[in-house]
Amino acid sequence: MASIGVLVDGEYSLTLKYTRLNDNEERENFAFPIRLEQTPCHFGGTRIWFTCPHCGRKAANLYFTRNGWFCRKSLRLTYACQSEDFMGRMHRRIAKLESKLEDEWIKPRNMHRKTYDRLIEKLSDAESRLDFAFLQRMGSLLV
């Protein structure tokens, strides 16, 4: 069990208060001060960023660990697609292209024919590349 609260300390600072039950069923309270930074936007206004308590970088998101709050760079987090092999990328690409079409690769009602033809060409190319990669992998396993 845990709970978290936010205490705004000023215009450019807040404190994240975290309470959890430890193994002995006792409450542990933690307070993590977080600085905020403000940057101007291109078309007016401003954007507020968290400042990573660990490395000092601006971050849109902070991630909680037992040791506090960190940005993704400090935790060395990667996106799932960064560890995919070629076949995984091709599967993801095919799924993304297929999501733009209706079932059985039917042209959506309001899509231009030229756009549809381009999508079908990309899908065919991606499937050919996936098939070739699959055959290469199977060939290397059979040798």
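## Two helices, their patches and their core

Lys122 is found in helix H2. This is a predicted model, and Lys122 is a handy place to start looking around it. Because its relative accessibility is 43%, Lys122 counts as partly exposed.

### The charged face

Lys122 has company on the surface: together with Arg93, Lys96, Lys100, Lys114, Arg118 and Arg129, Lys122 forms a positive patch. Which helices each supply at least two residues of this positive patch? They are H1, spanning 86–99, and H2, spanning 113–142. H2 makes the biggest contribution to the positive patch, giving four residues.

### The nonpolar core

Now turn to the inside. In soluble globular proteins, nonpolar side chains tend to be buried together. Here, the largest nonpolar core has 13 residues. The members that touch the most other members are Ile94, Leu101, Met111, Tyr116, Leu119, Leu123 and Leu130. H1 and H2 are the elements that give two or more residues to this core, and H2 again gives the most, with seven residues. So helix H2 is a good one to keep in view, as it is the top contributor both to the positive patch and to the largest nonpolar core.

### A nonpolar patch on the outside

Some nonpolar side chains are found on the surface instead. Phe134, Leu135, Met138 and Leu141 form a nonpolar surface patch, and their accessible area together is about 410 Å². Take Leu135 as an example from this patch. Leu135 lies in helix H2. Is Leu135 buried or exposed? Its relative accessible area is 58%, and the cut-off for exposed is over 50%, so Leu135 is exposed.

### Salt bridges

How many salt bridges are there? The count comes to three, and here they are, with the N to O distance for each pair:

| Salt bridge | Distance (N to O) |
|---|---|
| Arg20 and Glu28 | 3.1 Å |
| Arg92 and Glu84 | 2.9 Å |
| Asp85 and Arg137 | 2.7 Å |

The Asp85 and Arg137 pair deserves a look on your screen, since the pair links distant parts of the chain, 52 residues apart. Asp85 sits in the loop between strand E7 (68–70) and H1, whereas Arg137 is in helix H2. Asp85 is partly exposed, because its relative accessible area is 35%. Arg137 also counts as partly exposed, with a relative accessibility of 38%.

In the Arg92 and Glu84 pair, the side chains of the two residues meet. Arg92 has a relative accessible area of 42%, so Arg92 is partly exposed. Glu84 is at 26% relative accessibility and therefore counts as partly exposed too. In the remaining pair, Arg20 forms its bridge with Glu28, and Glu28 is another partly exposed residue, at 26% relative accessibility.

### A stop in strand E5

For a last stop, look at Ala59, which is found in strand E5, residues 58–59. Why does Ala59 count as buried? Its relative accessible area is 8%, while buried means under 20%, so Ala59 is on the buried side of the cut-off. To place Ala59 relative to another part of the chain, find Leu36: the two are 23 residues apart in sequence, and their C-alpha atoms are 9.4 Å apart in space.

Terms used:
Residues are numbered from 1 along each chain as its sequence is written. This is a predicted model: local features need pLDDT of at least 70, side-chain atom pairs count only at pLDDT 80 or more; totals for chains, interfaces and linings use all residues. Side-chain values use heavy atoms; hydrogens and water are left out. Patches are made of residues with over 30% relative accessible area and no salt bridge: like charges are joined within 9 Å, nonpolar side chains (Val, Leu, Ile, Met, Phe, Trp, Tyr) within 5 Å. Accessible areas come from the Shrake-Rupley method with a 1.4 Å probe; for residues, only the protein chains shown count as cover. A salt bridge is a side-chain nitrogen of Lys or Arg within 4 Å of a carboxyl oxygen of Asp or Glu. Lys and Arg count as positive and Asp and Glu as negative; His and the chain ends are not counted. The place of a charge is taken as NZ of Lys, CZ of Arg, CG of Asp or CD of Glu. Buried means under 20% relative accessible area, exposed over 50%, partly exposed in between (1.4 Å probe, protein chains only). A nonpolar core is a set of buried Ala, Val, Leu, Ile, Met, Phe, Trp, Tyr and Cys residues joined through side-chain atoms within 4.5 Å.
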